[in-house]
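Please open the structure in a viewer and keep the selection panel at hand. The tour proceeds from the whole chain to individual residues.

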Amino acid sequence: MRNALLIYPEFSAFGFWNYKDVAKLVGAKCPAAPLGMITLGALLPKEWDIKLLDMNAAELHDSDIDWADLVFIGGMLPQQINFLKLIDRVHSRGKKVVAGGPDPTSQPKIYEKADYLVMGEAEDTIIPFLEALKKGVERGTFPPPRNKPDITRSPVPKFDLLNFKDYLTVGIQFTRGCPFNCEFCDIIELYGRIPRTKTAEQILAELDALYRAGYRGSVEFVDDNFIGNKKKVKEILIAVREWSESHNYPFYFGTEASINLADDEELLKLMQDVDFRYVFIGIESVDDNVLKSTQKKQNVNREICDDLHKIYHYGMFVSGGFIIGFDDETSEMARLIEKTVTDGKICIAMVGLLYALPNTQLTRRLIREKRFFDNSSQLDVNDITIDQSTSGLNFITKRPRNEIINDFIYILKKIYSQKSYFDRCLKLAKALNVKRKSKPSFTGNLKNIIAFFRLINKLGLKPPTCYYFWRNIFIVLSTNPSALVEECNLMAMFIHFRKQTEFIIELMTAKQKSSSVKNSVS
Ligand code: SF4
């Protein structure tokens, strides 16, 4: 019998997606459950005793490490610094570390101090690792095989490791990989360009497992691109529609997709039928020349705002990703991004500085052009790192660096000003054609009422947010009351974005000052 402790390192409190303050409104501790870790849990030998410690939701005690025979740590680039600190902490208790996940796969050298490095997707590499462990191998690296694993063999994640109350949403995965070829993307390097999909039976088994475990509410398809294989996704949605109907719609959904979602009304209708409520779309740039040069061809020649409105018509709001710092962009970019965010009614706009991720086409090109900062693959432990966007521009830029950072600050100031944010929320609520299927239970309703009072306390009592807050509530109630829940949810997100934006602007301004001091000294 072995005791395995699975640890998920903490994200920065100022990370874009780490809206803990919003989660607290409904009594949760953080936004999303660590799906990768509970999938790993399901792949480990059944006879092992497994515990999950998500450091975003709970504190790690030395006694937890002492309990374990082996400690598994998994994570992504924004968790790198905490991941590396954790390896040291586990070693200091005399225990061995198995490291895995996207960042150790992309940058194995950085994780050399882990005892075992299990790269790639766990479905494949866990098998040789477990065999080696059985033979008493003390250290080792287990690289991914040439061919990506067939995810129809992926087990139902071990949902019983989660304390559902800690999370706003629980993830499941239908597909890995994306057919597109964006130059800056690491998804296609890690998971390939041929989308691999699970079967309808697998998805229903995962929903069944969640349902039997008593979970209700938000389920997110954490796919790289949910619609990478449109034929398969429609089959899945038809199966989920039947399942949801027969289970009285216990879940509603969200996901990530490419903009061509807007081209397929059959798909949009199917998503609405199963109660999809939000989708994240990478818009990246609003200049066709930039999109072409960064190989984001699926976004070229589109009327982005029209596409977004089509999706709103099917009841889903869109969170949009934007990147600044591309080679071919002009000084007009900041104004164009701000205009698209405003006209497109994108409340949640994730704007970041371009970061050349490890093993991407972009990084390879920048290395060829001798523009890549060699030491940038490791996040600086002494720097205040939030995520790759704020540590971005890890290369020699074509536009003056300060101009790009000024544009970044300009966009953030504009789109996350109170007026702009609450105006977008209001306009979006008017455009959303909400047809809600999943209804909260009695306790769910009670939780929502308590959350609403907490929200009033945060936004509805003090100027200037109180004016916008009550204005939006009354107008939405009188014009499109079915969108009131979305309106409240999106207004609640302002609590996080206000804090995050202020912090980033301060950080960027300080970075600019220190670089100009360095320049003037040199
Ligand atoms: S559409 Fe998204 S996931 Fe697909 S290649 Fe482009 S950035 Fe990557």
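The stops below cover the overall chain, the ligand site and one helix of a predicted model.

**The whole chain.** Begin with the chain displayed as a cartoon, in which 19 helices and 15 strands can be traced. Along the principal axes, its C-alpha atoms fill a box of roughly 70 × 65 × 45 Å. The radius of gyration is 23 Å, which agrees with the value near 24 Å for a compact globule of 522 residues. If the chain is then coloured by accessibility, 58% of the 522 residues count as buried.

**The ligand site.** Next, select the ligand and display the residues that surround it: C178, F180, N181, C182, C185, I188, D224, K296 and Q298. How do the residues of this shell divide into nonpolar, polar and charged? Five are nonpolar, two are polar and two are charged.

**Helix α17.** Now move to residues 442-460, which form helix α17. Select F442, L446 and I450 and show their surface; together they make a nonpolar patch of about 330 Å². Focus on I450: is this residue buried or partly exposed? I450 counts as partly exposed because its relative accessibility is 41%, a value between the 20% limit for buried and the 50% limit for exposed.

**R454 and a distant partner in sequence.** Remain in helix α17 and select R454, which is also placed there. With a relative accessible area of 38%, R454 is partly exposed. Finally, add Y215 to the selection and draw a distance between the two C-alpha atoms: R454 and Y215 are 239 residues apart along the chain, and their C-alpha atoms are separated by 23 Å.

Key:
Residues numbered from 1 in each chain as written. Predicted model: local features only at pLDDT ≥ 70, side-chain atom pairs only at ≥ 80, totals over all residues. Heavy atoms only, no water. Patch = residues over 30% accessible without salt bridge, like charges linked within 9 Å, V, L, I, M, F, W, Y side chains within 5 Å. Areas by Shrake-Rupley, 256 points an atom, 1.4 Å probe, with all protein chains shown as cover. Salt bridge = Lys/Arg side-chain N within 4 Å of Asp/Glu carboxyl O. Helix = DSSP H or I, 4+ residues; strand = E, 2+ residues; numbered from the N terminus. Buried < 20%, exposed > 50% of the residue type's maximum accessible area, 1.4 Å probe, protein only. Near = heavy atom within 4 Å. Nonpolar A, V, L, I, M, F, W, Y, C, P; charged D, E, K, R; others polar. Rg over C-alpha atoms; globule rule 2.2 N^0.38 Å.
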